[in-house]
Amino acid sequence: MPTPWPLKFGAFFAPFHPVGQSPTLALEYDLERTAELDRLGYDEVWFGEHHSGGYELIGCPEIFIAAAAERTRHIRLGTGVVSLPYHHPWLVADRLVLLDHLTRGRLIFGAGPGALPTDAYIMGIDPVVKSRMMGESLEAILSLFRTEEPVTRETDWFTLREARLQYRPYSDPHPEVAVAAMVTPSGPRMAGAFGTSLLSLSMS
């Protein structure tokens, strides 16, 4: 039986590149592929955040999306993901709202706890608590997205004092939000609890 929605296609860029390759050329290659996906009519493309592996070169998907947005017109651009335990939630929300305006609403905010153990190790973050940290951050970000009232939160790793966004998102009411799921059930549980989409990543 046919579904009432058309089948859509997207791509996910970790992206993987051989260690030792010119990062300038590798990143240009990824931007060119993104522009080609846009030309071919793909619906969305996602970019990962990694810092220490040497083969996944995008340290800030928001910066990469800003560059990709200038070369594309229709394709939606997703963070796959912003590793929330690595960033203050108010600054994440502020950057995303800026990017939502720069992309004219083509941004998808993918959130996750961070996949590379070496990233967390270097920053002194206990992998056991990353899921909790992500949930605390995502709740604060969604509150900033969804209300103009001041948001106050106190955790053991970030503080918000009467925080607001400087301006409202371009998208109504805010960019689509997706929570990553890889191995544990915490991602799907969080997506259900916060009413977000699910970004399912299966890697071996």
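## Helix packing and selected loop and strand residues

In this predicted model, residues S131, M134, G135, L138, E139, L142 and R146 of helix α5 meet S186, M190 and F194 of helix α6. By class, this contact of α5 with α6 comprises 5 nonpolar, 3 polar and 2 charged residues. The axes of α5 and α6 (residues 186-194) lie 11 Å apart, and the two helices pack at an angle of about 25°. Because angles under 35 degrees count as roughly parallel, α5 is described as roughly parallel to α6. The crossing of α5 and α6 is right-handed.

### Helix α5 and its surroundings

Helix α5 covers residues 130-146 and has 17 residues. At 1.5 Å a residue, α5 should span 24 Å, and its end C-alpha atoms are indeed 24 Å apart, so the expected and computed spans agree.

Is α5 enclosed by the rest of the structure or open to its outside? Of the 17 residues of α5, 12 are buried, so this helix is largely enclosed by the rest of the structure. The buried residues of α5 are K130, M133, M134, G135, S137, L138, A140, I141, L142, S143, L144 and F145. Some of these names also appear in the contact with α6, including M134, G135, L138 and L142.

A further partner of α5 is helix α3 (89-102). On the α3 side, P89, W90, V92, A93, L96 and V97 take part, and they meet S137, A140, I141, L144 and F145 in α5. The residues of this contact of α3 with α5 divide into 10 nonpolar, 1 polar and no charged. The general geometry of a helix is useful in reading such lists. An α-helix has 3.6 residues a turn, so residues three or four places apart point the same way. In α5, S137, A140, I141, L144 and F145 are the residues that meet α3, whereas S131, M134, G135, L138, E139, L142 and R146 are those that meet α6.

### Three helix pairs in summary

The packing of α1 with α2 may be set beside the two pairs that involve α5.

| Helix pair | Angle between axes | Distance between axes |
|---|---|---|
| α1 and α2 | about 45° | 9 Å |
| α3 and α5 | roughly 45° | within 9 Å |
| α5 and α6 | about 25° | 11 Å |

Helix α1 spans residues 23-40 and helix α2 spans residues 61-71. Their packing angle makes α1 oblique to α2. The crossing of α1 and α2 is right-handed. In this contact, L27, E28, D30, L31, E32, T34 and A35 of α1 meet F64, A67, A68 and R71 of α2. The residues of the contact divide into 6 nonpolar, 1 polar and 4 charged. From their axes, α3 and α5 are therefore likewise oblique to each other, and the crossing of α3 and α5 is also right-handed.

### Two arginines in loops

R73 is placed in the loop between α2 and β3 (76-79). Is R73 buried or exposed? With 58% relative accessibility, R73 counts as exposed, because the cut-off for exposed is over 50%. Apart from its neighbours within four places in sequence, R73 is in contact with D38 and R106.

R104 belongs to the loop between α3 and β5 (107-112). Its relative accessible area is 58%, so R104 is exposed. Phi of R104 is near 55°, which is a positive value in a residue other than glycine. Although R73 and R104 are 31 residues apart in sequence, their C-alpha atoms are 9.6 Å apart in space.

### Strand residues and cis peptide bonds

Another positive phi, of about 50°, occurs at E162, which is not a glycine. E162 is found in strand β7 and counts as exposed at 63% relative accessibility.

In strand β9 (residues 197-200) lies S200, which is exposed with a relative accessible area of 58%. From C-alpha to C-alpha, S200 and A180 are 5.8 Å apart in space, and 20 residues separate them in sequence.

Which residues are joined by a cis peptide bond with omega of about 5°? They are D172 and P173. P173 is in the loop between β7 (159-163) and β8 (176-181). The peptide bond from G80 to V81 is also cis, with omega near 20°, and V81 is found in the loop between β3 and β4 (82-83).

Definitions and conventions
Residues are numbered from 1 along each chain as its sequence is written. This is a predicted model: local features need pLDDT of at least 70, side-chain atom pairs count only at pLDDT 80 or more; totals for chains, interfaces and linings use all residues. Side-chain values use heavy atoms; hydrogens and water are left out. Axes are lines fitted to C-alpha atoms, for helices over the stretch in contact, and angles run from 0 to 180 degrees between N-to-C directions. Helices (H or I, at least four residues) and strands (E, at least two) are DSSP runs, numbered from the N terminus. Angles under 35 degrees count as roughly parallel, over 145 as roughly antiparallel, 65 to 115 as roughly perpendicular and the rest as oblique. A crossing is left-handed if the near helix is turned anticlockwise from the far one by less than a right angle, and right-handed if clockwise. Contact means heavy atoms within 4.5 Å. Ala, Val, Leu, Ile, Met, Phe, Trp, Tyr, Cys and Pro count as nonpolar, Asp, Glu, Lys and Arg as charged, and the others, Gly among them, as polar. The expected span of a helix is 1.5 Å times one less than its number of residues. Buried means under 20% relative accessible area, exposed over 50%, partly exposed in between (1.4 Å probe, protein chains only).
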